[in-house]
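Me: I am new to this structure and would like to go through it step by step. Please show it to me before we begin.

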Amino acid sequence: MDYVENRMAQEAAKQTGNAESFVTPLNLVLLGMLLYTAYSWLRPHSPATIPKEEPAVVFRTFTPRTLLPYNGENDMPVYLAVRGRVFDVTRGRNFYGPGGPYANFAGRDASRGLACGSFDEEMLTKDLDGPLDTLSDLDKDQLEALQGWEERFLEKYLVVGKLVAAGEEDKAE
């Protein structure tokens, strides 16, 4: 009987005083997952940031001379005109701003150059105080090309004004 009593005493001692039974690999993994979940849920989060809104632009009337400063230099926005509409192409500054492939159109009426597919200075109106280019000598293919450019600009960029000849600013409003 001594053997049975000793064995029962040993088993009873194992069950009540043994903390090692809780320290198993599975219990350690579960404890780690529980702590990580609690930390992820309770840790402070940075506040949500609202995207910065672009500044409002007032629709206005431009002449070739008043449009000229909007060429992207001196932290100015980049505007260009197509068929009398002035577009804010600042988002495409790497194309239309200083050093870009279309930089000579910035701050100018780009209609003839876009229609002819030419980026030469000869395509730009030289007399800023004279009448606007009527584009009357363009052929059908050139007018279609210009229409394609105008549609692309309307899809991508905001119209911020209209271009009128010098001296017609008051008539346009």
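Reply: Before we start, one definition: two strands pair if DSSP finds at least two bridges between them. Keep in mind that this is a predicted model.

Me: In strand 3, which residue is the bridge partner of Val-82?
Reply: Strand 2 covers residues 79–82, and strand 3 covers residues 85–88. The two run antiparallel and are joined by four bridges. One partnership links Ala-81 to Val-86. For Val-82, the bridge partner in strand 3 is Arg-85.

Me: Which residue takes a positive phi in the hairpin of strand 2 and strand 3?
Reply: This hairpin has two residues between the strands. One of them has a phi near 50°. That residue is Arg-83.

Me: What is the strand order in the open sheet?
Reply: The sheet has four strands with mixed pairing. Strand 1 (60–62) and strand 2 each have a single partner strand, so they stand at the edges, and one side of each is left without a neighbour in the sheet. From one strand to the next, the twist averages 40°. The order is 1-4-3-2.

Me: Which helix packs on the sheet?
Reply: The helix in question touches strand 2, strand 3 and strand 4 (158–163). Its direction makes about 50° with that of strand 3. It spans residues 140–156 and is helix 6.

Me: Are the residues on the two faces of strand 2 buried or exposed?
Reply: On one side are Tyr-79 and Ala-81. On the other are Leu-80 and Val-82. Both faces are covered, and these four residues are all buried.

Me: How many salt bridges does the model have?
Reply: The rule asks for a side-chain nitrogen of Lys or Arg within 4 Å of a carboxyl oxygen of Asp or Glu. Asp-129 and Arg-65 meet it, with N to O at 2.8 Å. By this rule the count comes to five.

Me: How many residues apart in sequence are the parts tied together by Asp-129 and Arg-65?
Reply: Asp-129 is in the loop between helix 5 (111–116) and helix 6, while Arg-65 belongs to helix 3 (residues 64–67). Relative accessible area is 45% for Asp-129 and 44% for Arg-65, and each residue counts as partly exposed. Because the two sit in these separate elements, their salt bridge ties together parts whose distance in sequence is 64 residues.

Me: Which residue forms a salt bridge with Asp-133 and with Asp-137?
Reply: Asp-133 and Asp-137 lie in the loop between helix 5 and helix 6. Asp-133 is partly exposed at 28% relative accessibility, whereas Asp-137 is exposed at 56%. The closest N and O atoms are 2.6 Å apart for Asp-133 and 2.7 Å apart for Asp-137. Their partner lies in helix 5 and is buried, with a relative accessible area of 16%: Arg-112.

Me: Which residues do salt bridges that share partners join into one network?
Reply: Arg-83 has already come up in the hairpin of strand 2 and strand 3, and Arg-85 as the bridge partner of Val-82. Salt bridges with shared partners join these two and one Glu. The network is Arg-83, Arg-85 and Glu-150.

Me: What accessible area does the nonpolar patch on the surface have?
Reply: The patch is formed by Leu-26, Val-29, Leu-30 and Met-33. Met-33 is placed in helix 2 (residues 25–42). Its relative accessibility is 52%, so Met-33 counts as exposed. Together, the four residues of the patch have an accessible area of about 410 Å².

Conventions: Residues are numbered from 1 along each chain as its sequence is written. This is a predicted model: local features need pLDDT of at least 70, side-chain atom pairs count only at pLDDT 80 or more; totals for chains, interfaces and linings use all residues. Side-chain values use heavy atoms; hydrogens and water are left out. Axes are lines fitted to C-alpha atoms, for helices over the stretch in contact, and angles run from 0 to 180 degrees between N-to-C directions. Contact means heavy atoms within 4.5 Å. Patches are made of residues with over 30% relative accessible area and no salt bridge: like charges are joined within 9 Å, nonpolar side chains (Val, Leu, Ile, Met, Phe, Trp, Tyr) within 5 Å. Accessible areas come from the Shrake-Rupley method with a 1.4 Å probe; for residues, only the protein chains shown count as cover. Buried means under 20% relative accessible area, exposed over 50%, partly exposed in between (1.4 Å probe, protein chains only).
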